[in-house]
Amino acid sequence: MVSFATPLQLGPLLLKNRVIMSSLTRDRNRVPGPLQVEYYTQRAGAGLILTEGTLIEPLGAEWSNAPGIYSDEQVAGWKKVVDSVHNHNGRIFLQLWHIGRVAHPLLQDGRPNVAPSAIAAKGGKFRQLEGTPGFVTPVAIEDPEHYVALYKRAAERAKEAGFDGVDLHNANGYLPHQFIDNTSNRRTDQWGGSAENRCRFTLRIIDEISQVFGNDRVGIKLSPSGGYNDMGMTEKDTIETFDYLIKELVARRIAYIQITRYWPERDPAKRGTAVDIFRWRNVINGEHTKFFANAEFNAEDGTKVLKEGLADAIVFGRFYIANPDLAQRLINKQELNSNFNPKTFYGGGAVGYTDYPTYEQQHIAQ
């Protein structure tokens, strides 16, 4: 019977367990430093760490201290993180991130935010700017291949830093997702219209970064249900689009496809369409490409999904904030720390970042 403790063959990598650390924006340092080395090393017990979203070029995000992979200094910083994780028997992929239309020009030296089409997302709150404005209308991208090349260069830099692979952030209303969704992509050229055309940008990126790492060291994150950052198609269009995309990704034999469940808390405007992510299990059957299930899993849910063979691994987010030893707690059936401090999720220093205790430290303290 498959459990959290069961090793998982992921391409050429043997993961020691099936507990995956989700990409978590923590907004601490544009250039990874000693604090990030400590943070990720504390969590090296995961079968696989997926880093926080890492910008492929300087962008005006709602998080001013989100890290990047576009400078030599950032590569050097990430290399120290990777080396330490490897020294603690861990595996780590870098998440490649471009936010497209949900950037703000005033936070990127006046450069316009970009998107497949000149359609603004509703919402947003740029706390760094006076009056905390929301999202603004983007400029339509003239040549998407320019951005495909940016992703490839970022993958090359990730390889220089020693990462085991890369994860394409293709979810949550960021740039590749904006191309896929027909409410944000109204193009009439080869990059818009049909499901095949709208998925072209994502698949071009996958093909290019696979040339850097090999297809079996490349993963992707998808959020078909939409919701966050003003995304969401009809159920019919959602299923048609993601049926096509997932079939194409599996044909490329990439390492994994990570799919997030609908999360109402991240969809206050009710833009999303709840889709059962396990409808794609028969396609992502684990023979080559593994199925990672994400969003709001607890120990009980995750155990059940693995036992029933609905997914190959479970991705945990917030539980990894408060439980640096989460994999060990799940494997040993120990109580999870749910005493989160949301005020320290984003920004700041060590408090609420590297000071959460392990189960053993908690036990000793008691």
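This passage walks through the barrel, the packing around its strands and the nonpolar cores of a predicted model.

A good place to start is the sheet. In this model, 8 strands close into a barrel, and going round it the order is β3-β4-β5-β8-β9-β10-β11-β12, with parallel pairing. On average, and with direction ignored, neighbouring strands of this sheet are turned by 25° against each other.

Strand by strand, the path can be followed from β3 onwards. Strand β3, residues 19–21, runs parallel to β4 and is joined to β4 by 2 bridges. Here I20 stands opposite L48 of β4. Strand β4 itself spans residues 48–55 and is mostly covered, with 8 of its 8 residues buried. On to the next pair: β4 and β5 are linked in the parallel sense over 5 bridges, and I49 is found opposite I92 in β5. To get from β4 to β5, the chain passes through helix α2 (residues 72–87), and this β-α-β crossover is right-handed.

The barrel continues from β5 (residues 92–97) to β8 (residues 165–170), a parallel pairing with 4 bridges. Within this pairing, L94 has V166 in β8 as its bridge partner. Helix α6, made up of residues 200–213, packs on the sheet and touches β5, β8 and β9 (218–222). The direction of α6 makes about 170° with that of β8.

Attention now turns to the nonpolar cores. In soluble globular proteins, nonpolar side chains tend to be buried together. In this model, the largest nonpolar core has 81 residues, and I209 and F316 are those with the most contacts inside it. Leaving aside residues up to four places away in sequence, I209 touches L96, Y151, K152, A155, V166, L168, G214 and V218. V166, one of these contacts, is also the bridge partner of L94. A second core, separate from the largest, has 15 residues, including L55, A66, V102 and Y174.

Further round the barrel, T260 offers a closer look at a single position. This residue is found in strand β10, which covers residues 256–260. T260 counts as buried because its relative accessibility is 9%, below the cut-off of 20%. With residues up to four places away in sequence not counted, T260 touches K221, L222, S223 and P224, as well as I277, N294 and A295.

How values were computed:
Residues are numbered from 1 along each chain as its sequence is written. This is a predicted model: local features need pLDDT of at least 70, side-chain atom pairs count only at pLDDT 80 or more; totals for chains, interfaces and linings use all residues. Side-chain values use heavy atoms; hydrogens and water are left out. Two strands pair if DSSP finds at least two bridges between them. Axes are lines fitted to C-alpha atoms, for helices over the stretch in contact, and angles run from 0 to 180 degrees between N-to-C directions. Contact means heavy atoms within 4.5 Å. Buried means under 20% relative accessible area, exposed over 50%, partly exposed in between (1.4 Å probe, protein chains only). A crossover is right-handed if, with the strands pointing away from the viewer, the path from the first strand over the helix to the second runs clockwise. A nonpolar core is a set of buried Ala, Val, Leu, Ile, Met, Phe, Trp, Tyr and Cys residues joined through side-chain atoms within 4.5 Å.
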